[in-house]
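Biologist: Shall we go through this one together? I'd like to hear the reasoning behind each label.

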Amino acid sequence: MVTHIPLALGPGFLAPEGLISTFGLLGILAVVFAESGLLIGFFLPGDSLLFTTGLLTADGRFLHTPLWLVCLLISLAAIAGDQVGYLFGQRVGPRLFRRPDARLFKQSHLTKARTFFDTYGARSIVLARFVPAVRTFTPIVAGASGMHYRAFLMYNVGGGILWGSGVTVLGSLLGRVAFVRDHIELILIAIVAVSVLPIVIELLRARRRTAQTRPHS
């Protein structure tokens with residue numbers, strides 16, 4: 001049985017176990033929705049929250065809902081969040097890219113998402129699901145860039161199911177392994193590290209391309 005799931009990756013009130021024990025399934029769905037398509041949601045603990053949700057569903061302490069229903073509701077919340085993000089991007093369009101930095105909004109996040117979208121095209125809607133911060137801004141960029149709605153919807157549904165159900169089921173399966181239960185904090189840190197790996201790789205590639213195209217003195 002899981003006794004405690006510490007997480008020293010951010011403010012205590014964002015610790016996945018605290019969110020789940022306090023707000024239950026509705027809290028999980030609210031976080032997933034916000035992180036998927038609202039500008040204020042980029043700092044929320046998406047991957048670690050889903051993994052912990054699966055783990056605690058298997059444990060049965062805080063969540064007594066069947067795993068299949070948890071996965072279905074999380075996937076729907078993720079899809080709905082991206083839909084809102086896309087529509088928001090469609091409406092505000094270029095104005096969003098001229099918006100000055102604020103305490104919770106940084107143009108750098110939007111720029112990274114736009115680079116990610118330009119690099120991977122439509123499939124970025126799926127890939128961005130697994131990249132913190134980028135997944136919040138990519139649907140907004142897709143809407144602002146005029147991506148065809150049907151194409152966006154198809155990739156959004158696929159990505160929402162793959163991320164929402166996949167990470168949750170992974171947490172449920174691995175949560176039954178003694179090593180994972182005993183080293184859960186390290187596992188969650190590893191999840192975050194793997195999530196940001198695509199950004200690191202893309203930045204290195206962009207730097208290499210810039211170096212190669214720069215004229216030699």
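Biologist: Why are H3 and H7 called oblique to each other?

Modeller: This is a predicted model, and its coordinates give the angle. The axes of H3, residues 67–92, and H7, residues 134–144, cross at roughly 45°. Roughly parallel needs an angle under 35 degrees and roughly perpendicular needs 65 to 115, so H3 and H7 are oblique to each other. The two axes come within 6 Å, and the crossing of H3 with H7 is right-handed.

Biologist: Which residues of H3 and H7 meet there?

Modeller: From H3 come Asp82, Gly85, Tyr86, Phe88, Gly89 and Gln90, and from H7 come Arg135, Pro139, Ile140, Ala142, Gly143 and Ala144. Sorted by class, this contact holds six nonpolar, four polar and two charged residues.

Biologist: What makes H7 largely enclosed by the rest of the structure?

Modeller: Buried means under 20% relative accessible area. Ten of the eleven residues of H7 are buried, so H7 is largely enclosed by the rest of the structure. The buried residues are Val134, Arg135, Thr136, Phe137, Thr138, Pro139, Ile140, Val141, Ala142 and Gly143. Just after H7, Gly146 has a positive phi of about 80°.

Biologist: Why does Leu87 count as partly exposed?

Modeller: Leu87 belongs to helix H3, and its relative accessibility is 42%. Buried would need a value under 20% and exposed one over 50%, so Leu87 falls in between and counts as partly exposed. Its C-alpha is 6.1 Å from that of Gly143, although 56 residues separate the two in sequence.

Biologist: How do you know that Val70 is buried?

Modeller: Val70 is in H3 too. The limit for buried is under 20%, and Val70 has 0% relative accessibility, so it counts as buried. Setting aside neighbours within four places in sequence, Val70 is in contact with Leu25, Thr53, Thr57, Thr65 and Thr168. In addition, the C-alpha atoms of Val70 and Leu29 are 9.3 Å apart, with their positions 41 residues apart along the chain.

Biologist: Thr168 is on that list. What makes Thr168 buried?

Modeller: The reasoning runs the same way: its relative accessible area is 0%, against a limit of under 20%, so Thr168 is buried. Thr168 lies in H8, residues 149–174. Leaving out residues up to four places away in sequence, Thr168 touches Leu50, Thr53, Gly54, Leu67, Val70, Cys71, Ile74 and Trp163.

Biologist: How do H3 and H8 cross?

Modeller: Their axes come within 8 Å and cross at roughly 145°, and the crossing is right-handed. The residues of that contact divide into 14 nonpolar, eight polar and one charged.

Biologist: And the chain as a whole: how many helices and strands are there?

Modeller: The chain has ten helices and zero strands. Of its 217 residues, 46% are buried. For contacts with a separation of 6 or more, 78% join residues 24 or more positions apart. The chain exposes about 11200 Å², and carbon and sulfur atoms supply 66% of that area.

Methods:
Residues are numbered from 1 along each chain as its sequence is written. This is a predicted model: local features need pLDDT of at least 70, side-chain atom pairs count only at pLDDT 80 or more; totals for chains, interfaces and linings use all residues. Side-chain values use heavy atoms; hydrogens and water are left out. Axes are lines fitted to C-alpha atoms, for helices over the stretch in contact, and angles run from 0 to 180 degrees between N-to-C directions. Helices (H or I, at least four residues) and strands (E, at least two) are DSSP runs, numbered from the N terminus. Angles under 35 degrees count as roughly parallel, over 145 as roughly antiparallel, 65 to 115 as roughly perpendicular and the rest as oblique. A crossing is left-handed if the near helix is turned anticlockwise from the far one by less than a right angle, and right-handed if clockwise. Contact means heavy atoms within 4.5 Å. Ala, Val, Leu, Ile, Met, Phe, Trp, Tyr, Cys and Pro count as nonpolar, Asp, Glu, Lys and Arg as charged, and the others, Gly among them, as polar. Buried means under 20% relative accessible area, exposed over 50%, partly exposed in between (1.4 Å probe, protein chains only). Accessible areas come from the Shrake-Rupley method with a 1.4 Å probe; for residues, only the protein chains shown count as cover.
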